[in-house]
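Please take me through this model step by step, as a tutor would with a student who is new to reading structures.

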Amino acid sequence: MMHGFLVILPVVLVMAVGWLLGRRRVVTPEAFAQVNRAIYWTAIPALILRMTSSADLAILADGNMIIAVYLSFILAPPVAWLAGKLAGQDRRRSAASTLMLIRSNTVFMGLPVITVAVGIPGIEVLSVYLAFTFIGYQIISISWAQLALSGGISWKTVKDTLRNLSRNPLVLSSLTGFALSVTGLNEFPGWLDEALKLLGNMASGMALLSLGASLRPESLTVMLPRAWRDIALKLFFLPALTWGLLLLFPVNPVVFRTVILIAAMPVAVDCFILSQVLGMDADHAAAAITASTLLCAFTVPVWITLLDLFLA
């Protein structure tokens with residue numbers, strides 16, 4: 001267990017620095033919001049493009065990773081929906097729970113954790129993962145949430161989602177990098193490769209600083225009782241389900257470790273905005289996002305330790 005904590009400790013420390021900067025108002029929340037946009041539109045796409053274009057596509061040879069991941073996307077949300085109904089939640093809250101379960105904070109939390117815990121091979125797997133799952137998980141999570149909310153799927157919402165994804169820098173960089181890899185046009189000129197490398201190198205650290213600045217640890221005692229069910233499903237059930245599916249559809253150890261860690265990440269921050277837009281319980285989503293992000297500092301080391309034991 002100690003090894004798991006030591007692996008994630010650098011991530012926690014950088015988040016703590018971000019929290020301290022925000023707490024002391026050294027950097028204002030508005031400034032961090034601008035930094036987030038810059039990271040999202042430049043640093044992370046640069047990293048993904050560079051990694052995807054040079055990734056070993058042999059990890060997709062048998063398709064097992066994609067099969068296992070998509071099965072988790074399809075099977076997990078109705079569990080959250082059912083749990084909400086059994087607990088007597090109203091439709092808006094059940095819909096938010098359904099939406100959040102498979103939406104991991106892959107970028108602002110997953111990228112740094114995988115960088116530290118798995119290294120460059122893990123980032124390559126993450127890049128390919130994003131290229132093949134980003135669009136699918138958007139549509140699947142929103143469709144399940146709409147079913148929980150109203151019993152039907154709004155095709156207008158699906159079309160709007162696809163339209164937004166067509167302009168999403170993470171989707172575009174993933175697909176472009178994959179296309180360059182497949183066609184063999186992935187040898188960048190030295191000056192361009194260095195520019196992408198410089199941008200990519202700042203992605204993880206700045207993302208963690210911004211995420212840390214947004215956290216309010218003092219609110220955990222209020223948010224945990226409200227969102228404990230969703231937190232348990234996100235931080236324990238989804239990684240366990242994904243683990244079982246990867247045993248049914250075997251992959252190499254690097255892929256196994258990376259995909260489990262992605263599943264073990266906290267709720268994605270965009271769930272709050274989506275819940276607002278789609279008429280779901282946005283306050284409940286905000287509670288789950290904050291509490292799961294704080295608690296993953298304790299749950300991720302558990303998964304790292306289990307992975308070390310299993311893959312030893």
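The dialogue below goes from the overall fold to its helices, its cysteines and its inner spaces.

Q: What should I know about the model before I begin?
A: This is a predicted model, in which local features need pLDDT of at least 70 and side-chain atom pairs count only at pLDDT 80 or more, while totals for chains, interfaces and linings use all residues. Residues are numbered from 1 along each chain as its sequence is written, and side-chain values use heavy atoms, with hydrogens and water left out.

Q: How many helices and strands are there in the chain?
A: Helices (H or I, at least four residues) and strands (E, at least two) are DSSP runs, numbered from the N terminus. Here the chain has 14 helices and zero strands. The radius of gyration, which is taken over C-alpha atoms, is 19 Å, close to the 20 Å that the globule rule (2.2 Å times the number of residues to the power 0.38) gives for 312 residues, so the chain is as compact as a globular protein of that length. Along the principal axes, the C-alpha atoms fill a box of roughly 60 × 50 × 45 Å.

Q: What share of the residues in the chain is buried?
A: A residue is called buried under 20% relative accessible area, exposed over 50%, and partly exposed in between, using a 1.4 Å probe and protein chains only. By this rule, buried residues make up 52% of the 312 residues in the chain. Contacts (heavy atoms within 4.5 Å) tell us about the fold too: of those with a separation of 6 or more, 86% are between residues 24 or more positions apart.

Q: How is helix α4 placed in the rest of the structure?
A: An α-helix has 3.6 residues a turn, so residues three or four places apart point the same way. In helix α4 (residues 91–100), seven of the 10 residues are buried, so this helix is largely enclosed by the rest of the structure. The buried residues of α4 are Ser94, Ala95, Ala96, Ser97, Thr98, Leu99 and Met100, and they pack against α3, α6, α11, α13 (270–277) and α14 (282–311). Ser94, for instance, has a relative accessible area of 2%, and, leaving aside neighbours within four places in sequence, Ser94 is in contact with Gly84, Lys85, Gln89 and Ala148.

Q: Which residue has a positive phi although it is not a glycine?
A: That residue is Arg25, with a phi of about 60 degrees, and Arg25 lies in the loop between α1 (2–23) and α2.

Q: Why is Cys271 not bonded to Cys296?
A: A disulfide is a covalent bond between the sulfur atoms of two cysteines. The cut-off used here is a pair of cysteine sulfur atoms within 2.5 Å, and a search of the whole structure finds zero disulfides. The sulfur of Cys271 is 14 Å from the closest cysteine sulfur, in Cys296, which is too far for a bond. Cys271 is buried at 0% relative accessibility, and Cys296 is buried with a relative accessible area of 0%.

Q: How many cavities are there, and what lines the largest cavity?
A: On a 1 Å grid over the protein atoms alone, a cavity is a set of points where a 1.4 Å probe fits but cannot get out, a pocket is an open set with protein on both sides within 12 Å along at least five of seven lines, and lining residues have an atom within 4 Å of a point. Grid points are joined across faces, edges and corners, and a volume is the space filled by probe spheres set on the points. The count comes to four cavities of 30 Å³ or more, and the largest cavity has a volume of about 90 Å³. Its lining includes Val69, Phe73, Tyr129 and Leu238, while α3 (64–86), α11 (220–248) and α12 (253–263) each supply at least two residues of that lining.

Q: What lines the second largest cavity?
A: The second largest cavity, of about 70 Å³, has Ile44, Leu47, Thr106 and Leu126 among its lining residues. The largest share of this lining, four residues, comes from α6.

Q: How much space lies in the second largest pocket?
A: About 230 Å³ of space lies in the second largest pocket, and the elements that give two or more residues to its lining are α1 and α14. Among the lining residues are Trp19, Met109 and Phe298.
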